[in-house]
Amino acid sequence: MYTIFLTLSKYILIFLMAIYTIQCFSVFRLPDISKRDGIYIRQDIIMALIYLIAFTVMYLRSADTWLLILYALTQVTFVAFIMLYRFLYPEASKLLVNNMCMLMSIGFIILARLNFSKALKQFSVALVSIVIALVIPYILKRFKRLRRFYMLFAAAGIIALGAVLIFSTAVNGSKLNIRIGGVSFQASEFVKIIFVFSIAGMLSCMKSGYRIVIATAAAGIHVMLLAASKDLGGAVILFIVYVIMLFIATGKFLYFILGTAGAVVCSIAGYMLFPHVRVRITAFTDPVSSIDGAGYQMAQSLFAIGTGGFEGMGLMDGAPSRIPVVEADFIFSAICEELGVLFGICLILVCASCFIMFMNIAMRFNDMFYKLVAAGLAVTYGFQVLLTIGGVTKFIPLTGVTLPLVSYGSNSIMVSLIMFSVIQGLYVSVRSANGTER
Amino acid sequence: MLFGKKHRSEDETAKERQDMNRSNREILFVTYIFTAVFVILIGYVIYFTAIRSESFINNPYNNKRAQLLSQKVVRGPILSRDGTVLAKTDTDADGNEIRIYPYGSVFAHSVGFFSQASIGVEAIANFKLLSSDINTFERISNDLNGIKNKGDQVVTSLDVGLQTTAYSALGDRKGAVVVMNVKTGEILALVSKPDFDPNSIDEIWDLINSDTVKSPLLNRATQGLYPPGSTFKIVTALEYIKEATDPGDYVFDCSGSFESKGVRINCYHGQKHGELDFETSFAKSCNSSFANISSGLDKRSFGQTCRDLMFNGDIPCPYSYKTSYVDMNKNTEYGQLIQAGIGQGRTQITPIHMAMITSAIANKGILMHPIVITGVKNTYGQTIKSYGSKEYGRLMSGYESRYLRELMRDVVLNGTGSRLKDTSLYEAAGKTGSAEYSQDKSKSHAWFTGFAPYNDPEIAVTVIVEGGGSGGETAVPIARAVFDDYFQ
C-alpha cells in the first residue's frame, strides 16, 4: 500500500494539477455564474487533495511530525481565507481567490520539502499578509479619492528607492533591502504597487498637457534609482509597466514601439555599464563552460529541470538543494525537478490565467484610473512571472526576481498578496457599483 | 470579457463607451502579446525538456542526480557496432550490482569506467545508461513490485576486431591508436596505453590515480599533446599548395641541413637527401627542404590554415580532449616559423586531432562529425534514438585534398612509409613522423597518420608510439596491422 501510494502519487499530482488548470480556463467559457460556482468548488476540492497527497508523501518519506503541523495550520488558513472572502466579498473573483491559494499551496509544498524553517517563516508572514489582503478591498471601496494622491505616491516611491540606494548595504552587488525596526524591507517590491497607482493617477487625472512628460520623468527617476541600486529585475519591470500603461492611456502605438526600442537600448547600455549584467549574460549563453563560476547556478537549475523531466523525480527524490537560492528565485526549477515539468507547465498556465483575469477585470472599468491600475498591476505580475520562469529555464537571461506567491521571501509574498487584493478590491467595487455581473 | 459574452448597461453614454472600447483595444492587444509569450515560454520549456536537456544534464557537476537515478535504474549495457557487449551490469544474489567489462583493458579508455570518476563512453552516455525508455505502465508496474527498471543500451561505433588488433599491435609501448571511418566520422577503434583493467577499477583506483609517471588514466588518444614532428608537414604542404603558383616547379638540394638567419635545421639522423622536388621532399620527409619551404610562407595565411584545421581551438571530439596548439600568426618569430614548418618548436597536437585532419584529406576535404555513440535502444532492443553521421565542415578545398592525397600516396610508394607498400589488399597513403620531444635529439616519438584505400578512402588510422624512434619503423607496422585486419 505504502509503495503503491508513493509510486502513483507523482502521477496523481500531475493529473490533479492538470484538471485544476483546465478548469482555470474553462470558467471563461461559461457565462452562467451559477455553473461557474460548481467549477470553483471542484477546484477547491482538487486543491485540497493535491495539498493532502503532497504532504502525506513527504510525511511518509521523512516521518517528520512537524510537517503535519504545518499542513494543518496552512490548510486551515486556506479554508478560512476562502470562506471569509466568500462571506465578506461575495462579488470577488473566486477564480483569483482559488489561484492565490493554489499558488501558495504549491509554494508551501516545495518550501516544506526544501527548508522547513523557511516554510514556517513564510507561513507567519503569509498569515499577516492574508489579514491585510482581507482588509484591502474594504479600504479601496471606502477611499475612492486615492487617485488624487498620485504625486504623493510618486514622491514616496522615489524617496523609498533613494533611501535604499543611500543607506542599504550591497548584497551580491545589489542594494535591495532597508532595515526598519529590525525588519528588512525590499523597497522595490512595495514600490511596484504605489508606482502603478502614481502613474495611473498622472495619466488619468492630470489636466496638464505635459502629463506624459511628468509621468515619464517620474517613471524615469524610479527606473534609474533601481538601476543605480543594481536591482535590474525591478528596473526592467517598472520600465515595461510604464511603457504599457502609457500605451493603454494614450492609445498611441508609437509609444509602444518607442518603449520597446528604449528597452533594447537600455539593455545594451546595462550590458556595457554593469559587470554583473555581463556575468549574467555569460551564464545565460553558456552556463556549462562557466560552471565553476557565473554559470553554476544556471547549470544546476537546468540539471534539475532536465533530470526531473516531464514527470519529475518525485517529491523528496531529487536534489533541488544543489541549486543556490533555490527557495526564492529558483523555486520553479525545484518544482520541475520533483513534481515534473508537466506540473511546472500547469503552474505557468495558472499564472497566465491570473494575468488574463487581471486584464479581463481592467477591461470592465469605465474609469481610466481603475483601468490603468488594474492593467498596470496585471503587467507587473505577468512580466515578473515571465522574467523568473524564463530566467531559470534559460529562455531569457536571469534577472533575479521571485515567482509571486510561490517563492520564499517575506516581502515577495506580502506584496504579491496585496497586489492580488488590490485587483480584487477594484473588481468588488466595480461589480457592487453595477449591481450585477456585466 | 475576453472569452465571455459582452453585455452593456443602458446608461452608458456614447462617449464613455467609445473611450472604454478604445483603451480596451489596447488592453486586449497587450493581453494577447503576453499570452503569446506565455505560450512561447511553455513551448520552449517542452523543447528544452524533450530535446536540449540531454546535452546539459550529462555533466560531472550533476553526479548527485545520476546517483539518485541509479537507485531506480540498473545501468544499461554498452555495445559495440555489431552488438557485442562491451560493458554490462550484473546483479548478484544479494542484490549488489557489478559492472562487468568482458574485454578487460582493451577498451579501458574508449568505453571507460564508472566509479569515483568516470571516463569514456561510460561518462559521455552516463544519463542515457541511467534512463529507462520502456513504457510508462511497465515502469509503474516495476516500481510497484520493487523491481529496478533496466537502463537503455548504448550502441557505439567501436569495432571489437579493429580495437583488439590495434591494442595488440601497440603492445606494451606507451602511445595511442585512433581508427576512424572517413565517410561517416565513426570512431572504430581508440586505444591508449598504458592501460588498466576497468573490472577492478575500485581496487586499483588509488594506485592509477596517483601514478603520475605512467598516467594510465590519461586517454592519450584525445588528451595526449605531442609534438607532431613530420606529420605536421601535411599542414605545411597544404599552406605551400595554397601559396605557390606551381608547387611542381620546386627544387631543393639537401645537404643534410638548412641554415638561415641563425636558425639551423638538421635532417633526421643527419641524412643527406640530395636533389629533391616538392613531392620527394614530402615523401622522404626532408626537414631541410621543408625548413626552406617554410621560410618563404606568409605567417598570417599559414596561421589561418592552422585555424582552418582546428588548431588553437575546439575540435568536434566526443571524448574530453586537450586543445592542440601552434604558434603561427603575423607576430611569430622567424625561428618558430621554421620550427613549426617541420612540426617542432611550440607545436602540439592530440592523436585524435591528427586523425580528424587525415579523415578530412581522405574525404575530399570534408570532415565528418566524429561520433562514438551511434544509437540508444531500450532494454528490449527497440531503437529509441539513432545518431546518424553529419558533416562537420570543409577543412580544405577538394583540389587541395587531392594534392595532399597524392603526396601521401607517394610517401608509401617512394618514401618513409614503404612498409605499407607490399600488399595486394589495399593501397595505403599517409605520412610518418619522428618527433623530437626532449633535449636529447636522438629520442623521438614515432608517428604515422594515413588512410586507405587510396582511390576511395574508407578509414583513417593515426598511430603514436612515445619514444618509439622512427615513425616509418615503429608506427607504420602498427597501422599496417590495423589496415590488414580491416581489408582482409
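Colleague: How many residues does each chain bring to the contact between chain A and chain B?

Modeller: The general idea is to count what each side puts in. In this predicted model, chain A brings 50 residues and chain B brings 39. On chain B, the elements giving two or more residues are helix H1 (14–57), helix H2 (63–70) and helix H5 (136–144). H1(B) has the largest share of that side, at 22 residues.

Colleague: And which classes of residue make up the side of chain B that touches chain A?

Modeller: You'll find 20 nonpolar, twelve polar and seven charged residues there.

Colleague: Okay, now domains. Where do they run in chain A?

Modeller: Check the bounds, then the spacing. Domain 1 of chain A comes in two pieces, 1–143 and 274–438, while domain 2 covers 144–270. Their centres, taken over C-alpha atoms, are 25 Å apart. For contact, 25 residues of domain 1 meet 31 residues of domain 2. H15(A) gives the most to the domain 1 side, with twelve residues. By class, that side has 17 nonpolar and eight polar residues, with no charged ones.

Colleague: What about the domains of chain B?

Modeller: There, domain 1 is 19–49 and domain 2 is 223–487, with 57 Å between their centres over C-alpha atoms.

Colleague: Last one: which residues touch the most other members of the largest nonpolar core?

Modeller: Look for the well-connected names. Of its 285 residues, they are A:Met245, A:Phe358, A:Ala374, B:Val177 and B:Val179. Helix H14 (residues 341–364) of chain A gives the most to this core, 20 residues. Try finding B:Val177: leaving out residues up to four places away in sequence, its contacts include B:Ala166, B:Leu170 and B:Ile478.

How values were computed:
Residues numbered from 1 in each chain as written. Chains lettered and ligands numbered in written order. Predicted model: local features only at pLDDT ≥ 70, side-chain atom pairs only at ≥ 80, totals over all residues. Contact = placed C-beta atoms within 7 Å. Helix = DSSP H or I, 4+ residues; strand = E, 2+ residues; numbered from the N terminus. Nonpolar A, V, L, I, M, F, W, Y, C, P; charged D, E, K, R; others polar. Core = buried A, V, L, I, M, F, W, Y, C linked by C-beta atoms within 7 Å. Buried ≥ 20, exposed ≤ 12 C-beta atoms within 10 Å, placed from the backbone. Domains from an automatic or database assignment.
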